[in-house]
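User: Hey, got a minute to walk through this model with me? I'd like to start with one of the charged residues.

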Amino acid sequence: MVLDDWDKGFSVHKLSLEDLVVGGGGGGGGDDKPQRLPAPVLSLSLRAIGSHPRFHAVGSNLVVFSSRRGDSRGLTLVYDMETAAMEIENSLPRELERCHEAMAAGDKLYAFRTYGVDDSALHCLRRTQPGGGDSDEEGLPHGLVSRPQPRWAWERIPVPPPRPNLGGGSSSIFADRHSLALHPDGRTLFASIGRSCGSPDEHTADEGTFSLDTATGEWTRLGDWLLPFNGHAHYDGDLGAWVGTHIVYSEEEGRGYEHLCTCEVPAPQGGATPEPAWMVGKERLTFLESSLKPTSGRALVRAGGSMFCLVEPAVPLGFTCRNFMGAGDKCHIQVTMFRAKYGRNGELLTVPLGPGRSYIFSRHVDYFGPNVFWV
């Protein structure tokens, strides 16, 4: 979990599964008080990666997109959490320097700009193998051979027509509503593209759901329908369905809330496909105590098998987004493990695997929410 919990940058904290399931204790239930987070395994300064970086995970690697500073290009940093090795790629595609989305498929990361780009494309970060040729032995002691090492590099993948509008200037529809999911085959990405403004019956040729076979680079338009998720969804093998969140609007309160949602998985190829069946849980997806007010940055991640982890940032009632920045340990973060299941009547339920844990920390960077991964 990446937080802006020190005044000079960002910290990467590692949480234990054993502490989060049954018997973990600590906040979210009973009389246990919030705890402090464990010491960070990695710290990254504002000077190194800017004030608005983005973090993603590919296998055991943490990928950092640094924010642009002045005329300099952003950087791509890859930190191996198993070996503690850090690699730096000297450039970040310009389209990814601001708002973007990304999802891993196997050992690759696919990313795209979410608005404001006329020349739409996917960008793939992958580990490249060194080319052929003789090893350079000049200047080395006798018997030692210098061999080129694999490195991380970006590859641009054009989006052929009829293309999903991954950007698209003033006609962009990807900025406000999108869903991403990885097929259980591990190689096919699904992307739904829609817009949250205008009439719900108003469509453009770019709206709909598309699949990308990452092995062949082949795009397939599946239909004008949209996946029901808010952001990323994750496959649950026990349910045989994708699991994510869906926004349910409350007319009484004038705002939307996240509910758990499941959706059947369509075939990855084969052209036009009927909209898959999906279901939304009746209750709001939250484990916060009533004394806390949620803030932005909620995250739902798959935690291995059919377990999920919900991370909920919050502040005590009475605080606002203006007065909790740099105010000491006033911020809370609730971390709860749960499973999804269907009830006797087919309804969608959440089953907590314990009380979860509540942590306190201090925030220092505007517009940065927790970045959470399971590795």
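User: Is Glu89 buried or exposed?

Analyst: Glu89 is buried, at a relative accessible area of 13%. Buried here means under 20% relative accessible area, exposed means over 50%, and partly exposed is in between, with a 1.4 Å probe and protein chains only. One caveat: this is a predicted model, where local features need pLDDT of at least 70, side-chain atom pairs count only at pLDDT 80 or more, and totals for chains, interfaces and linings use all residues. Residues are numbered from 1 along each chain as its sequence is written, and side-chain values use heavy atoms, with hydrogens and water left out.

User: Ok, what does Glu89 form a salt bridge with?

Analyst: Arg151, with the closest N and O atoms 2.7 Å apart. A salt bridge is a side-chain nitrogen of Lys or Arg within 4 Å of a carboxyl oxygen of Asp or Glu. Glu89 sits in strand S8 and Arg151 in strand S12 (residues 151-158), so the pair ties together parts 62 residues apart in sequence. Arg151 is partly exposed, at 43% relative accessible area. Strands are DSSP runs of E, at least two residues, and helices are runs of H or I, at least four, numbered from the N terminus.

User: Which sheet has S8 in it?

Analyst: An open one of four strands, in the order S5-S6-S7-S8, with antiparallel pairing. Two strands pair if DSSP finds at least two bridges between them. The edge strands, S5 (54-58) and S8 (86-89), each pair on one side only. S8 is joined to S7 (residues 76-80) by four bridges, and Leu77 stands opposite Ile88 in S8.

User: Switching back, how many salt bridges are there in the whole structure?

Analyst: Ten turn up in the search. Among them is Arg187 with Asp213, where the closest N and O atoms are 2.5 Å apart. Arg187 lies in the loop between S13 (177-182) and S14 (188-194) and Asp213 in S15 (residues 208-213), so that pair ties together parts 26 residues apart in sequence. Asp213 is buried at 7%, while Arg187 is partly exposed at 35%. There's also a network of salt bridges linking Glu258, Arg298 and Glu312.

User: And the nonpolar side, how many residues are in the largest core?

Analyst: 19, and those with the most contacts inside it are Met1, Cys309, Val311, Ile333 and Met337. A nonpolar core is a set of buried Ala, Val, Leu, Ile, Met, Phe, Trp, Tyr and Cys residues joined through side-chain atoms within 4.5 Å. Strands S22 (299-302), S23 (307-316), S24 (331-342) and S26 (357-361) each supply at least two of its residues.
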